[in-house]
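Colleague: I would like a close look at a single part of this model. Please explain the terms as you go, and then show me what surrounds it.

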Amino acid sequence: MALNYREDFDYSEAIANTQDAAEREQLLTERQNKIDAEGLAGKVPSNEAVATWNGDYQPYSVSSGSSGGSGNSGSSISQLYEAAEAARLKRLEAARQRIQQQLASNLSSIENDYVAGMTQTDINARQSVLTNEEKMAALGLNMGARGAAATSGAAETSRIAIDNQYRSDLNALGQARLTARAAAQDNAASQEAALESEYYTAAENAALQQAQMTLSQYNADRDYSLSLAGLTGFLNGLPTLEYRQYASSLTSQAQTDAYEQALTRWKTTGYVQSGDAAILGVPAGTPTADVSYRNASLALQKWKAGYWY
C-alpha cells in the first residue's frame, strides 16, 4: 500500500510556520510517510526534531518523543538489555552443553571401568579354579570335570567358595557402577542448578536495572521536552497552553488594530465606509454625529485598556 505524501513539498518549513495543531499533526504524518517511503531516515532531521520547530527556531535534534523520530531512548535502552540478555542466555546454553558433555564422558569412563572390572573378575575366577585344582591334586584329590559333580566334599566346598567369591565380585562391580553413575549425574544436576540460579539472579537484577534506567531516562526526557516546549511553544508537535494564549492575544490585538483603523477612517471621512461596516458593526454611511460613533469609541477604549493592561 502506497504511503500518502507530497513529493515536491517542503514539509519542514510548512510545519515550522503553522500554529494549527490539526494541520501540524497531518503535516508530521505525511512527512514521516515520505521519510519511510524514500529511505530518508538519518539523512534529514527526524520528525521528533521537526515537531518542535516554530518559525526560525529549528533545532536539528531532541532527546526523545512520539512523533516518529529515530532517537527513541527508551527503545535504545531496551535493545541494549535485550542484547545483554541474549549474550547471557548464550553463555548459559554453552555452559549446559559443557556439563552434559562432561557427564557423558564420565558415564562412558564408568562403563569402561565396569567392563574392565568384569573381565578381570572372570580372569580371577578362572585363576582361582586352576589354583584350587593344583592344591587338590597336591593332596591326592580330584576336583572332577568342571561340568560334572564334584568327586569329593572338599572339591564341592572349593567350588562353592570360588562361585561365591565370583558372585560377590560381580555384585560389588555392579554396585560400584551404579554408585558412580548416580554421583556423576547428581554432580551434573547440581552444576546446572547453580548455573540456572546464577542466570536468573542476573536476569532479575538486569530487569530491575533496566526499569530504573528507563524511568530515569523518561524523567530526563520529560524535563527536556518541557524545557524545549517553553522555548518553542510546542510539546510533541502540539501547541502549549501558553502558546495558544499568546496566539490568541495576537489575534485579539489584530482585531483591535483593525477596529481602531476603521474608527479613524469613520472620524476622518465623517461616515462609515462600506468596507468598515462589518468591522464596526454599524450600517455603511452612518455619520459621526450618530450615537453609534460615541459607543464605538468607548468600546475601543475598553478593548485597548483590557489588552494593554
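Modeller: A cavity is a set of points, on a 1 Å grid over the protein atoms alone, where a 1.4 Å probe fits but cannot get out. Points are joined across faces, edges and corners, and the volume is the space filled by probe spheres set on them. The model is predicted, so local features need pLDDT of at least 70 and side-chain atom pairs pLDDT 80 or more, while totals for chains, interfaces and linings use all residues. Residues are numbered from 1 along each chain as its sequence is written, and side-chain values use heavy atoms, with hydrogens and water left out.

Now the part itself. A search of the whole structure turns up two cavities of 30 Å³ or more. Take the second largest: its volume is about 40 Å³. Its lining (residues with an atom within 4 Å of a point) consists of Ile99, Gln102, Leu103, Asn106, Ala184, Asn187, Ala188 and Gln191. Two elements, α4 (73-138) and α5 (153-232), give two or more residues each to this lining. Helices are DSSP runs of H or I with at least four residues, strands are runs of E with at least two, and both are numbered from the N terminus. The lining residues divide into four nonpolar, four polar and no charged. Here Ala, Val, Leu, Ile, Met, Phe, Trp, Tyr, Cys and Pro are nonpolar, Asp, Glu, Lys and Arg are charged, and the others, Gly among them, are polar.

Look at Leu103 in the lining. Leu103 belongs to helix α4. Leu103 is buried, with a relative accessible area of 13%. Buried means under 20%, exposed over 50%, and partly exposed in between (1.4 Å probe, protein chains only). Ala184 lines the cavity too. Leu103 and Ala184 are 81 residues apart along the chain, yet their C-alpha atoms are separated by 6.4 Å.

Helix α4 also holds Ser78. Ser78 is partly exposed, with a relative accessible area of 24%. Its C-alpha atom is 8.3 Å from that of Thr214, and 136 residues of chain separate the two.

Step back to the whole chain. The protein has eight helices and two strands. Along the sequence the pattern is α-α-α-α-α-β-β-α-α-α. Of its 309 residues, 26% count as buried.

Other elements build the largest nonpolar core. Such a core is a set of buried Ala, Val, Leu, Ile, Met, Phe, Trp, Tyr and Cys residues joined through side-chain atoms within 4.5 Å. The largest one has eleven residues, including Tyr259, Trp266, Val272, Leu280 and Leu300. At least two residues each come from α6 (241-269), α7 (277-280) and α8 (291-308). The biggest share is from α6, with four residues.

One more feature lies at Phe9. The charged end of Arg6 sits over the ring of Phe9, 4.0 Å from its centre. That wording needs NZ of Lys or CZ of Arg within 6 Å of the ring centre and within 35 degrees of the ring normal. Phe9 is partly exposed, with a relative accessible area of 29%. A second ring has a charge over it as well: the charged end of Arg177 sits over the ring of Tyr114, 5.2 Å from its centre.

How values were computed. On a 1 Å grid over the protein atoms alone, a cavity is a set of points where a 1.4 Å probe fits but cannot get out, and a pocket is an open set with protein on both sides within 12 Å along at least five of seven lines; lining residues have an atom within 4 Å of a point.
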